[in-house]
Amino acid sequence: MSELRPPSPPRRHLLSIRDLDRADVERILDTARALTASLEREVKKLPTLRGRTVVNLFYESSTRTLASFELAAKRLSADTMSLRSAGSSADKGESLKDTALTLAAYDPDVIIVRHPSIGAPWLVARYTGAHVVNAGDGKHQHPTQALLDLHTMREALGRLEGLQVAIVGDVLHSRVARSNALLLHTLGAEVTLVAPPTLFPVGIDSWPVETSYDLDSVLPKADAVMMLRVQRERMSGGFFPTAREYSRRYGLDGRRMATLQDHTIVMHPGPMVRGMEITADVADSDRSVIVEQVTNGVAVRMAVLYLLLGGSEPASPTEAAETAEAHS
Ligand code: NCD
């Protein structure tokens, strides 16, 4: 159980996948696994972060990420507060720096930041004394999504080392693809990115991945297939002829699903556009772990909060019992 202890010294922020080495990731995933047991009990709350304050600062829409950070903090007994740009002073033209300085005056322990601009969480980290977690900055990074995706793959397939993972769709605008590609590489998995030529970023050659324009040739060798949403809100021009043509070449439907190996899982970070990148029969099939991804998001975010705050109390009930026994 010693792997549940926080790293020493604990890291200050989680801003990018680049902040994490293999040992950090394994520690987070092991802690998430131990915390999952607490989520299966009738009373789900642990006292670990009692008296700590976690602020969610969200400048972009979110369902899963915001809900799971809030639940994660609450299940560790932290006080939480969520601020969204709509209805806050950002609406009145307040800059992110001034908002950060205002929040700093309340002295929160952690600020979770989602923002359309690349680098926004770094700015919040600079102007506040809080630990900052990046919950998505533009098309750049989304580290906790990648962590929950790896946790889901490890729980479903039993390992990460040597896994063949296909990440399919709008790679150009996807912070999920960037974060997953890097993190999977760090943990020894092999990633193939599949997209039309217009949806690969410039400089893709320097990423530690294979690339392909041909989904049908990649699917049969994949252990996990991660579908991405087409990020229309980040697009100014036409990146593909029509939605129908996109689905025909890059959508995952029942016919393509039939070419997967028996053990292969299908993933999607949500929100899904059913009929565009994934059909309903695939999303709702036995291979789909999309609901598990959402469930795992809470345990992984609990682990991140616990480890960032250097949890002085045990992370899991099992460990709490063992500690109590050791001291009796
Ligand atoms: C993703 C995001 O916001 O980057 N969703 C999520 O966090 N669950 C992916 C997306 O919006 O398509």
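Which residues are around the ligand? The legends below address this point and others in a predicted model.

**Figure 1. The shell of residues around the ligand in the predicted model.** The residues around the ligand are Arg-64, Thr-65, Arg-114, His-142, Gln-145, Arg-175, Val-176, Arg-229, Gln-231, Pro-269, Gly-270 and Pro-271. The ligand takes up the space of the largest pocket. Two elements, helix H2 (64-75) and helix H6 (175-186), each give two or more residues to this shell.

**Figure 2. Contacts of Thr-65, Gln-145 and Gly-270 with the ligand.** In the side chain of Thr-65, an N or O atom is 3.0 Å from an oxygen atom of the ligand. Gln-145 places a polar side-chain atom 3.4 Å from a nitrogen atom of the ligand. Gly-270 contributes through its backbone, where an N or O atom lies 2.9 Å from a nitrogen atom of the ligand. On its own the ligand has 320 Å² of accessible area, of which the protein covers 93%.

**Figure 3. The cis peptide bond between Gly-270 and Pro-271.** Gly-270 and Pro-271 are joined by a cis peptide bond with an omega of about -5°. Pro-271 is placed in the loop between strand E9 (265-267) and helix H10 (280-283). Both Gly-270 and Pro-271 belong to the residues around the ligand, and a backbone N or O atom of Gly-270 lies 2.9 Å from a ligand nitrogen atom.

**Figure 4. The salt bridge between Arg-154 and Asp-30.** The closest N and O atoms of Arg-154 and Asp-30 are 2.9 Å apart. Distant parts of the chain are linked by this pair: Arg-154 belongs to helix H5 (residues 143-157) and Asp-30 to helix H1 (residues 22-39), 124 residues apart. Arg-154 counts as buried because its relative accessibility is 14%, whereas Asp-30, at 22%, counts as partly exposed.

**Figure 5. The salt bridge between Asp-109 and Arg-52.** In this pair the closest N and O atoms are 3.5 Å apart. Asp-109 lies in the loop between helix H3 (96-104) and strand E3 (110-115), and Arg-52 lies in the loop between H1 and strand E1 (53-58), so the salt bridge ties together parts that are 57 residues apart in sequence. Arg-52 is partly exposed, its relative accessible area being 27%.

**Figure 6. The salt bridge between Arg-256 and Asp-216, and a salt-bridge network.** The closest N and O atoms of Arg-256 and Asp-216 are 2.7 Å apart. Since Arg-256 is in helix H9 (residues 254-257) and Asp-216 in helix H7 (residues 215-218), the pair ties together parts that are 40 residues apart in sequence. With a relative accessibility of 4%, Arg-256 counts as buried; Asp-216 counts as partly exposed at 34%. A network of salt bridges links Arg-22, Glu-26 and Glu-161. The count for the model comes to 12 salt bridges.

**Figure 7. Ser-77 and Asp-107, residues other than glycine with positive phi.** Ser-77 has a phi near 70° and is found in the loop between H2 and strand E2 (79-84). Its relative accessibility is 15%, and Ser-77 therefore counts as buried, the limit being under 20%. Asp-107 has a phi of about 55° and lies in the loop between H3 and E3. At 60% relative accessibility Asp-107 counts as exposed, because the limit for that class is over 50%.

**Figure 8. Separation in sequence and in space for two residue pairs.** Ala-67 and Val-294 are 227 residues apart in sequence, and their C-alpha atoms are 9.9 Å apart in space. Ala-67 is found in helix H2 and is partly exposed, with a relative accessible area of 41%. In the second pair, Val-194 and His-263 are 69 residues apart along the chain, with their C-alpha atoms separated by 20 Å. Val-194 is found in strand E6 (residues 190-194) and counts as buried, at 0% relative accessibility.

Terms used:
Residues numbered from 1 in each chain as written. Predicted model: local features only at pLDDT ≥ 70, side-chain atom pairs only at ≥ 80, totals over all residues. Heavy atoms only, no water. Salt bridge = Lys/Arg side-chain N within 4 Å of Asp/Glu carboxyl O. Helix = DSSP H or I, 4+ residues; strand = E, 2+ residues; numbered from the N terminus. Buried < 20%, exposed > 50% of the residue type's maximum accessible area, 1.4 Å probe, protein only. Near = heavy atom within 4 Å. Polar contact = N/O pair within 3.5 Å; in protein donor to acceptor, adjacent residues only side chain to side chain. Areas by Shrake-Rupley, 256 points an atom, 1.4 Å probe, with all protein chains shown as cover. 1 Å grid on protein atoms, 1.4 Å probe; cavity = no way out; pocket = protein on both sides within 12 Å on 5 of 7 lines; lining within 4 Å. Sits in = over half its atoms within 2 Å of the grid points.
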